[in-house]
Amino acid sequence: MNSGSPGAIIDACTLETFAVTGQLDLLKSHYGVRARWTETIRYEVRRGLLEEPRNQAVLDATWLGEPLEVDFDPESLRHIEQIRRGLGGTKRESMKHLGEAEVIYYLETNAPDWLFISDDRTAVD
């Protein structure tokens, strides 16, 4: 990654939308090697796209590289859960807003100058 350019983490829904519309190359050409994702975002994208068999061909997101490592010590998990709940996550829906919460936590603790590309206005705010 170019040290002069901040990284960019792309949310699952944004990746899925660009993928199913055949426009994933737009994100790739604009953000290139700066673009990253977390393990949860990768999981959400794969799960979402595989619900529709016709979407299996759009799973090529190797340009995003290996998922960023988010701390999973007890304190970090509590912080991530607090963020997830603040975004509207519930006990019954344990995955709801988890990707966004991980990204927010990662940005706060590791990369405050990076971009967060998402269609979720609340998470971006």
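Buried means under 20% relative accessible area, exposed means over 50%, and partly exposed is in between. Keep those cut-offs handy, because Lys 96, with a relative accessible area of 36%, is partly exposed by them. We'll come back to Lys 96 later in the tour. One thing to know before you click around: this is a predicted model.

**Stop 1: the whole chain**

Start with a cartoon view of everything. You should be able to pick out six helices and three strands. Walk along the sequence and they come in the order β-α-α-β-α-α-α-β-α. There are 125 residues in the chain, and 43% of them count as buried.

Switch on the surface if you like. Its accessible area comes to about 7400 Å², with 49% belonging to carbon and sulfur atoms. Now think about how the chain folds back on itself: among contacts between residues at least 6 apart in sequence, 68% join residues at least 24 apart.

**Stop 2: helix α1**

Select residues 12-20, which make up helix α1. Which residues of this helix are buried? Color Ala 12, Thr 14, Leu 15 and Ala 19 to see them. Then turn the view until you look straight down the axis of α1: the buried residues fall within an arc of 165°, so they line one face of the helix.

Just past the helix, select Gly 22, which follows α1 and has a positive phi, near 75°.

**Stop 3: the nonpolar core**

Stay with Leu 15 and show its surroundings. Setting aside neighbours within four places in sequence, Leu 15 is in contact with Ile 10, Leu 24, Leu 27, Trp 37, Ile 41, Val 45, Trp 63 and Leu 64.

This takes you into the largest nonpolar core, a set of 34 residues. Select Ile 9, Ile 10, Leu 15, Ile 41, Trp 63 and Leu 64 together: these are the members that touch the most other members. Many parts of the chain chip in. Strands β1 (8-10) and β3 (115-117) each supply at least two residues, and so do α1, α2 (24-31), α3 (39-50), α4 (74-86) and α5 (98-109). Which element gives the largest share of this core? That is α5, with seven residues. As background, nonpolar side chains tend to be buried together in soluble globular proteins.

**Stop 4: Thr 38**

Next, go to the loop between β2 (35-36) and α3, and click on Thr 38. Is Thr 38 buried or exposed? With a relative accessible area of 1%, Thr 38 is buried.

Show side chains here and look for Glu 102. The side chains of Thr 38 and Glu 102 make a polar contact at 3.1 Å. Beyond its neighbours within four places in sequence, Thr 38 is also in contact with Pro 67, Leu 68, Val 70 and Val 103.

**Stop 5: charged pairs along α4**

Time for some salt bridges; the count comes to five. In general, side chains of opposite charge can pair when their charged atoms come close.

Select Glu 75 and Arg 78 for one of them, where the closest N and O atoms are 2.9 Å apart. These two are three residues apart in helix α4, so about one helical turn separates them. Arg 78 counts as exposed, at 52% relative accessibility.

Move along to Glu 81 and Arg 84, another salt bridge, with the closest N and O atoms 2.8 Å apart. Both lie in α4, again three residues apart, about one turn of the helix. Glu 81 counts as partly exposed at 28%, whereas Arg 84 counts as buried at 2%. Add Arg 85 to your selection, and you have a network of salt bridges linking Glu 81, Arg 84 and Arg 85.

**Stop 6: around Arg 84**

Keep Arg 84 selected and see what else is there. The side chain of Arg 84 reaches the backbone oxygen of Lys 96 at 3.0 Å. Leaving aside its neighbours within four places in sequence, Arg 84 is in contact with a list of residues including Gly 89, Thr 90, Glu 93, His 97 and Ala 101.

Finish on Lys 96, as promised. Which residue forms a salt bridge with Lys 96? Select Glu 93: the closest N and O atoms of this pair are 3.9 Å apart. Glu 93, at 40% relative accessibility, counts as partly exposed, and Lys 96 is partly exposed too, at 36%.

Note on methods:
Residues numbered from 1 in each chain as written. Predicted model: local features only at pLDDT ≥ 70, side-chain atom pairs only at ≥ 80, totals over all residues. Heavy atoms only, no water. Buried < 20%, exposed > 50% of the residue type's maximum accessible area, 1.4 Å probe, protein only. Helix = DSSP H or I, 4+ residues; strand = E, 2+ residues; numbered from the N terminus. Arc of directions from axis to C-beta. Core = buried A, V, L, I, M, F, W, Y, C linked by side-chain atoms within 4.5 Å. Contact = heavy atoms within 4.5 Å. Polar contact = N/O pair within 3.5 Å; in protein donor to acceptor, adjacent residues only side chain to side chain. Salt bridge = Lys/Arg side-chain N within 4 Å of Asp/Glu carboxyl O. Areas by Shrake-Rupley, 256 points an atom, 1.4 Å probe, with all protein chains shown as cover.
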